[in-house]
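Trainee: Can we go through this one together? I'd like to start with the cysteines and then move on to a sheet.

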Amino acid sequence: FQLGAALAGTALVVSPWRSALAAVFDGPGPFGPLLSPDENGIQLPEGFRSRVIAKAFEVVPGTRDHLWHIFPDGGATFPMPDQGWVYVSNSEFTVVGGGVGAIRFDRHGEVVDAYAIVDSQDSSLNCAGGATPWGTWLTCEELSNGRVLECDPSGRLESQVRLALGVFKHEAAAVDPRTGIVYLTEDEPNGRLYRFVPNAWANLSSGRLDVAEVSALGDVRWHPVPEPNPPRGNPTRLQVPESTRFNGGEGIVYSQRHVYFTTKGDNRVWDYFPSRETLRILYDDDAAPGLALRGVDNITASHTGELVVAEDGDDMELVMLTRDLEVAPILRVLGQDGSELTGPAFDPKQRRLYVSSQRGGPRGLGITYEIEGPFHWSRRRSSSAGL
């Protein structure tokens, strides 16, 4: 089995990880099979329900006058001091109505406010991003000269451009809470995997941007990027010839001391283990044809390590990849062909799940849902083939 011709150099053989790929299987998951669609056109397991919390260019219910943004994309939740929380959501749009929005919930889960934390005039084509362990949101611009902005979910502080994290077609970011290192994906057919090593904890204004080289056995070596903010014609992904190509970097998340990310060009989920500096393929649609997960995109994780992957197109599912490598849809959105699911995020107590249909809703401009139900997570130890 080959790790992939998309990687730099010769094709990479990774026989040590055949067992992980062979162990992937379809199943109902911990919540059971999907039932008939509800009033919102969403199929859910028994005991779950959905509600619409926002529609693009409409006032968010429960607020006075905040219009929800167009084409919602990456998102995350943040706990607030009063036991409520904030759900932040990017807008993958380039003109008025874009930027980053936020919805504030009280401790009972009721919407009490909504506001912008990044104005569309200050940033555009905000795709995915990532939450930091110090409570900020990193929003990523999916442009060839795209930047990362660090934002305050409460909306009290102005966002800050973090040029030290490089200028390229950013997709998403994930932070290792033990080290403060930021891992970054790049949405290009020959994109790279990056990490940013800050000079100080929780300070992203200065540090070193590295790019990954992966050996034939999955060992990862990091090389400094000579020019993180290069002039045109010298993109970061081409500055280090030894660096490894990834076919369309998408979502990325830190969980249980691992960094998981997806690549859409080859429909894979990858598993990077920082303490050992090794990389393996956790899921590959070609190696496991016919399984439920296709069109991989945004990704999040439960507090016990189950992964939840949003599909871009296909049959519009959120699909769980459990610790035992069971592939199980946890919801399916019907009647919204041409859209994609984005921004999956659990509330801080993991009782609710937020997700958007980027081009769903009455005018095809985006709609955001909350899913509530008997979420319960396995605490069993994973097998050697698991996560």
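Mentor: Sure, one term up front: buried means under 20% relative accessible area, exposed over 50%, and partly exposed in between, with a 1.4 Å probe and protein chains only. Keep in mind that this is a predicted model, where local features need pLDDT of at least 70, side-chain atom pairs count only at pLDDT 80 or more, and totals for chains, interfaces and linings use all residues. Residues are numbered from 1 along each chain as its sequence is written, and side-chain values use heavy atoms, leaving out hydrogens and water.

Trainee: Is Cys151 buried or exposed, and what is its relative accessible area?

Mentor: Use the cut-off of under 20% for buried. Cys151 falls in the buried class, and its relative accessible area is 1%.

Trainee: How many disulfides are there?

Mentor: A disulfide here is a pair of cysteine sulfur atoms within 2.5 Å. For Cys140, which is in none, the nearest cysteine sulfur belongs to Cys127, 8.2 Å away. Cys151 is in none either, with the sulfur of Cys140 nearest at 9.6 Å. By this rule the count is zero.

Trainee: Which strands are at the edges of the five-stranded sheet?

Mentor: Strands are DSSP runs (E, at least two residues), numbered from the N terminus, and two of them pair if DSSP finds at least two bridges between them. This open sheet runs β12-β13-β14-β15-β16 with antiparallel pairing. Pairing on one side only marks the edge strands, β12 (170-175) and β16 (220-224).

Trainee: Which residue of β16 is the bridge partner of Glu213?

Mentor: β15 (residues 203-214) and β16 pair in the antiparallel sense over five bridges. In β16, the bridge partner of Glu213 is Arg221.

Methods: Helix = DSSP H or I, 4+ residues; strand = E, 2+ residues; numbered from the N terminus.
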